[in-house]
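User: I would like a close look at a single part of this model, namely its second largest pocket, followed by some surface and loop residues elsewhere. Please explain each term for a first-year student.

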Amino acid sequence: MFFWVLALLILCGFLWNYKRQLKIADITDKYIFITGCDTGFGNLAARTFDKKGFHVIAACLTESESTALKAETSERLHTVLLDVTDPENVKRTAQWVKNQVGEKGLWGLINNAGVLGVLAPTDWLTVEDYREPIEVNLFGLISVTLNLLPLVKKARGRIINVSSIGGRLAISGGGYTPSKYAVEGFNDSLRRDMKAFGVHVSCIEPGLFKTGLSDPIKATEKKLAIWKHLSPDIKQQYGESYIEKSLDKLKDTTSFVNVDLSLVVECMDHALTSLFPKTRYAAGRDAKTFWIPLSHMPAVLQDFLLLKQKVELANPKAV
């Protein structure tokens, strides 16, 4: 009996793996639109999918990065300047994309554009510190999606939202994590709403990757700028050595940072080209072995492990 159960499990595993490897045909006649192509995941994705034969429309924030990307890719790839927080810019871009794709529609929309914002303890921050990451990561993503959704529905295509392990666990204070939690919620509701139209919606949750978004020098500069303007009471609570100690903690995490950006692009590729794409993709060894499993654990365990990485305050009872 045990032998037959084992054989059945092996067969199911084989069939499941085989199913995941089945690919769509004729990618050379399909259009995809990617936001945040200046650097990082978006830039690599644009170059990768251009080589595969897709008609790539790469949205960049700056003219210089747009020009550089066009110089490295084929004539199939088009770039467009896009600020996802500008509603009129998004509408004009959507109309331009409609003219480009015609009756074929848009096979793939990859919402990749994002910013980190300020990472700092919550009591250091103001509402304005939360505004930028929420405007870009959430409202920008929703705006682009709603404006391009008719084209994706026409193609019965794919939507891929790049979230983060920060959408599963609140690792640091600031607007980044709330924005990504909200992206996860939008992604889930969109996925269920689009099933009837044959549109598949996937969410990618990268771990810690070495990109311009996560530049520790820039993050530290923002944190220092806020520290300088904190009230004496808060500085007394945290202690003058808090910043220095937190930087030392940051250095300890560098060994967990993924440097291979293609791990995320491979997830995008599967979500775009598989006959049976996943609803969620975890990208990076840290995401798969630590962050995502931890997100399913009891809150008391999450707090214990995450608080161990925090710097001890000098005098939290000071008022």
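Analyst: The account below begins with the pocket and then turns to residues outside its description.

The structure is a predicted model, in which local features need pLDDT of at least 70 and side-chain atom pairs count only at pLDDT 80 or more, while totals for chains, interfaces and linings use all residues. Residues are numbered from 1 along each chain as its sequence is written, and side-chain values use heavy atoms, with hydrogens and water left out.

A pocket is, on a 1 Å grid over the protein atoms alone, an open set of points with protein on both sides within 12 Å along at least five of seven lines; its lining residues have an atom within 4 Å of a point. The second largest pocket holds about 240 Å³ of space, where a volume is the space filled by probe spheres set on points joined across faces, edges and corners. Its lining includes Leu-263, Glu-266, Cys-267 and His-270, and also Tyr-281, Arg-285 and Lys-288. At least two lining residues come from each of helix H10 (262–273), strand E7 (280–283) and helix H11 (285–295). Such helices (H or I, at least four residues) and strands (E, at least two) are DSSP runs, numbered from the N terminus.

On the surface, Met-297, Val-300, Leu-301 and Phe-304 form a nonpolar patch with about 390 Å² of accessible area together. Leu-301 belongs to helix H12 (residues 299–307). This residue counts as partly exposed because its relative accessibility is 34%; buried means under 20% relative accessible area, exposed over 50%, and partly exposed in between (1.4 Å probe, protein chains only).

Gln-100 lies in helix H4 (residues 87–101) and is likewise partly exposed, because its relative accessibility is 29%. Leaving aside residues up to four places away in sequence, Gln-100 touches Tyr-31, Ile-57 and His-78, contact meaning heavy atoms within 4.5 Å. Gln-100 and Pro-216 stand 116 residues apart in sequence and 39 Å apart in space, C-alpha to C-alpha.

Two loop residues complete the account. Asp-26, in the loop between helix H1 (2–21) and strand E1 (31–34), is not a glycine, yet its phi is positive, near 60 degrees. Asp-26 is exposed, because its relative accessible area is 57%. Arg-156 sits in the loop between helix H5 (127–155) and strand E5 (158–162) and has a positive phi of about 50 degrees, although it is not a glycine. Arg-156 counts as exposed because its relative accessibility is 51%.

Terms used
Patch = residues over 30% accessible without salt bridge, like charges linked within 9 Å, V, L, I, M, F, W, Y side chains within 5 Å. Areas by Shrake-Rupley, 256 points an atom, 1.4 Å probe, with all protein chains shown as cover. Salt bridge = Lys/Arg side-chain N within 4 Å of Asp/Glu carboxyl O. 1 Å grid on protein atoms, 1.4 Å probe; cavity = no way out; pocket = protein on both sides within 12 Å on 5 of 7 lines; lining within 4 Å.
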